[in-house]
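Me: Please take a close look at one part of this model for me. I would like the pairing in one sheet traced strand by strand, with any related checks added at the end.

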Amino acid sequence: MAATAGSALRIRAVSKTFPTPEGGEVLALDAVSLEVADGSFTVLLGPSGCGKTTLLRCIAGLESPDSGEIELKGVRIDDVPVWKRRVNTVFQSYALFPHMTVAHNVAFGLQMDKLPKAEIARKVDAALEMVRLSGLGARRPSQLSGGQQQRVALARALAKEPEVLLLDEPLSALDLKLRRGMQTELKRLQRETSITFMLVTHDQDEAMSMGDQVAVFDSGRIVQVGPPRDVYLAPRTRFVADFIGEANILQGTASAQTITVPGFGVLSTDALATDGVAAADGQVFIAVRPESVTILPAADGNGTVVDATFVGGDLHIDVKVGDVVISARQAGAAPGALSAGDTVRVAFPSGSVRVVEA
Amino acid sequence: MSRARGTGESLKNFPFFGVISIIVFAFLYVPLVFVVGYSFNANRVVTVWKGFTFDWYAEVLTNNDIQRALMNSLRVAVVATMMSVLLATGLAVGLIRMVRAGRTFAWSLIMAPLIIPEIVFAIGTLALFVQIRVPLGVEAITLAHVAFCIPFALLPIRARLRSIDLSIYEAAADLGANEWPIFRRITLPLLMPGIVAGALLAFIISLDDFLVSYFLAGPGGTTLPVYIFSMIRNAITPGVNAVSTLLLLISLLIVTGSYLITRRRRY
């Protein structure tokens, strides 16, 4: 099978079930397919237990899929044992070897490749310099901070110059400030090495800021793949709209080119197809981002302000319309422009409404 | 909580707390003080103090029978320790891969000798050895010691093995290591403190074993504890105290030595 040029990794219909302690089975991966471009930064995003880490472990060879194919640079690797795959993993727990120095940790993988001593020494130095740990090679992992241990784990995997670097929630153990720094650092490393990075996270901000491509997982399936901006602006399902950023999810009735939502009247969907999305009785879900919602004071309005708070430079407004509460953001609104109890007109400008799958 | 602390406080103020502690310590150590103290007694009558002397040590150390018994004990203990630690390490590493149900059953089987009455084990081993014609003596004792030392050696090795994060093995495999390099470069060095502790335990257990050794000694297979027993059958001589003190000294040296070694390598 010939590989598409520029594809580092190709995953086709990979499924994996695990036995549960109760004797049942759980489908961790449900026919997952994904293509990863060479030299790209792909983020697997989803809540815990959605299967994203299982996919990473299948690529690494730490789990074997029940069915499906995994191709690395056009070559199937399903049957290649973990130690022969040209992919390396940065583990969530770092998994550093506690009885070895930092330099020996980094050298381990190179020694397994039986490289000459001088070359190993050179590569270890280069890897440690790349993650800014030069001079700490003689330390034990226990003598380093969490952030430094993280860098050792990175250097250890990068020193092997893998075709794909897999990162399993690498930043989850770091505090917020350190995490932001490491995000920038990871982007830099990816650019400098041109190695394909594949990162697993449950943090949507992390996914949005780091990925060239984001794959959103929900219950063992990839529900949407695309550049972060596209996924944010055009969520395909209710889950994606809700999980990435904030969204007002409303239920309406579809007919021809319009959707009727109680409290808002008839909305234009701007030729957004509701085919195959709407239920038999025409019920559909729509998603509207809070920053797209317009709110104007109006005596004959359809809603009542429940809460209006300044957060940073934005005014966060909650408006009760009928039975639902709509969240809205107004950038640069004057303080006191709106306050609780005001009657307002809530509207969704054309183009802001997305029809999403349930 | 304040209540919990209050309980601790009142326990400390319990009037007999100090007395009980003293009784316990006396119980544990007065016999030892007796043995060590009277080993320096310059009187052939053991219980009457006459003066300080090293004579008994000189006598004991030049006694050929005691020398032979000590050598037997050390030979048995060294070989039994090495064999049991080797087997225990293999068992621990092998069993971790077994399926859950089988593993629990296997562990119980291996650990059972810890609670089986030693006399039962001794009689059983003797009967077996006689049946299959294993000649009694040092080799027979060594074989039996290997068997009952395994669970003791296994305890600290298993505890150590369990404390190793499984992702460390995964990381090693991910970096290109297969079974043997993982065992040699990762598992074995990380297990070392457990192996040292297990070896120490096995050595001490073997060195001071009396019952099994007594049953399997045969002619010429006398170990030090068996010899000491034969000495007191006639009379408690100051020499018995001296030999016992030497045995105590060997144990103390080994424990202290291994403590110092393991303390240095802490991750």
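Reply: This is a predicted model. Start with one pair of strands in chain A. Strand E16 (residues 303-311) and strand E17 (residues 314-321) run antiparallel and are joined by seven bridges. One residue pair shows the register: Thr304(A) in this pairing has Lys320(A) of E17(A) as its bridge partner.

Now take the other pairing of E16(A). E16(A) also pairs with E19(A), again in the antiparallel sense, over two bridges. Here Gly303(A) has Val344(A) in E19(A) as its bridge partner.

Move on to E19(A) and its pairing with E15(A). Four bridges join these two strands, which run antiparallel. Within that pairing, Ile295(A) stands opposite Val346(A) of E19(A).

Put the pairs together. The result is an open sheet of five strands in chain A, ordered E15-E19-E16-E17-E18, with antiparallel pairing. Its edge strands are E15 (294-297) and E18 (324-331) of chain A, and each of them pairs on one side only. From one strand to the next, the twist averages 40 degrees. As background, strands of a sheet pair through backbone hydrogen bonds, in either a parallel or an antiparallel sense.

Look at the two faces of E19(A). This strand spans residues 343-347 of chain A. Val344(A) and Val346(A) make up its covered face. Thr343(A), Arg345(A) and Ala347(A) make up the uncovered one. The two covered residues also appear in the pairings above: Val344(A) is the bridge partner of Gly303(A), and Val346(A) is opposite Ile295(A).

Next, a residue from another strand. Ile259(A) sits in strand E12 (residues 258-261) of chain A. With a relative accessible area of 0%, Ile259(A) is buried, because the cut-off for buried is under 20%. Val284(A) lies 25 residues away from Ile259(A) along the chain, and their C-alpha atoms are separated by 8.2 Å.

Last, the cysteines. Over all chains, the structure holds zero disulfides. Cys58(A) serves as an example. The closest cysteine sulfur to that of Cys58(A) belongs to Cys50(A), at 13 Å, so the two are too far apart for a bond. The cut-off for a disulfide is a sulfur pair within 2.5 Å. Cys58(A) counts as buried, at 1% relative accessibility. In chain B, Cys149(B) counts as buried too, at 0% relative accessibility.

Terms used
Residues numbered from 1 in each chain as written. Chains lettered and ligands numbered in written order. Predicted model: local features only at pLDDT ≥ 70, side-chain atom pairs only at ≥ 80, totals over all residues. Heavy atoms only, no water. Buried < 20%, exposed > 50% of the residue type's maximum accessible area, 1.4 Å probe, protein only. Pairing = 2+ DSSP bridges. Axes fitted to C-alpha atoms, helices over the stretch in contact; angles between N-to-C directions.
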